[in-house]
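Here are a few exercises to work through with the model open beside you. Have a go at each one before you read its solution.

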Amino acid sequence: MYIQIKALRRTRRGRPIRVRILFLLLIFLLAAAIVFGSIQIDPLMAELAEAAALNMFNDTVNNAYDDFMSKNDMTYHSLVTITKNQKGQITSITTDAEKLNRMCVDINNTISAMMENQPVKVKVPLGTLTNIDLFQGQGPSFVVKLTQSNTEETLTKTTFREAGLNQTEHIILFIVNMTMTLILPNTTAYYEYTQEFIVAQSVIVGDVPSYYLTPAE
């Protein structure tokens, strides 16, 4: 009977030791998972953030451009004046610089206002953090909001190119360039985006002075 009681006491003393060992093992595994996840998160986040930032850029620029175009007369004939001499020959082609400059300023301001204090939202599946192909995109996802700052540039560009016998195509482009900075968990990422829109275009019939023509690329 005495031996049985002594064995029971040993069993009870052994349990806290095993619990401590298990607890320490769990802490070690959790720490390892955190370190591994931290190493994996930046490259993964940079890849996912680039796609999210591109979508944000496209949506913002498209909305700003469409909003301006719906409220302003930006047809070819409202932007371009073609002057001819008495023989019907083209002597000058003038674009409305003031109108195009106002377009650049207004759309730039709209883009800035729309993106101010707006975070880039990145959806990260938990399985992707394991860096195992089998688990890529699997499991529940969590959303990370990344702080962003951006610098945008808006400009217009005019091109002339031959469109056939005695015909010249005249195109007015609107261009948005943006550099976006994203704050990732352990680093900073930089992305550059560009988008072009055809504001107006027309085919001019007649001899266009050669200095207007855009060299072929």
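**Exercise 1.** Check whether the end-to-end distance of helix α3 (residues 97–115) agrees with its expected span.

*Solution.* Helices here are DSSP runs of H or I with at least four residues, strands are runs of E with at least two, and both are numbered from the N terminus. The expected span is 1.5 Å times one less than the number of residues. For the 19 residues of α3 that gives 27 Å, and the end C-alpha atoms are 27 Å apart, so the two agree. Keep in mind that this is a predicted model: local features need pLDDT of at least 70, side-chain atom pairs count only at pLDDT 80 or more, and totals for chains, interfaces and linings use all residues. Residues are numbered from 1 along each chain as its sequence is written, and side-chain values use heavy atoms, with hydrogens and water left out.

**Exercise 2.** Work out which residues of α3 are buried and where they sit around the axis.

*Solution.* Buried means under 20% relative accessible area, exposed over 50%, partly exposed in between (1.4 Å probe, protein chains only). In α3, the buried set is Lys 99, Leu 100, Met 103, Cys 104, Ile 107, Asn 108, Ile 111 and Met 115. Their arc around the axis is only 165°, so they lie on the same side of α3; the arc is taken from the directions from the helix axis to the C-beta atoms. Over on the other side, Glu 98 and Ala 113 are exposed.

**Exercise 3.** Classify the ring pair Phe 57 and Tyr 193.

*Solution.* Rings of Phe, Tyr and Trp (its six-membered ring) pair if their centres lie within 6.5 Å; planes under 30 degrees apart count as stacked, over 60 as edge-to-face, the rest as tilted. The whole structure has five aromatic pairs. In this one the centres are 5.4 Å apart and the planes at 25°, so the pair is stacked.
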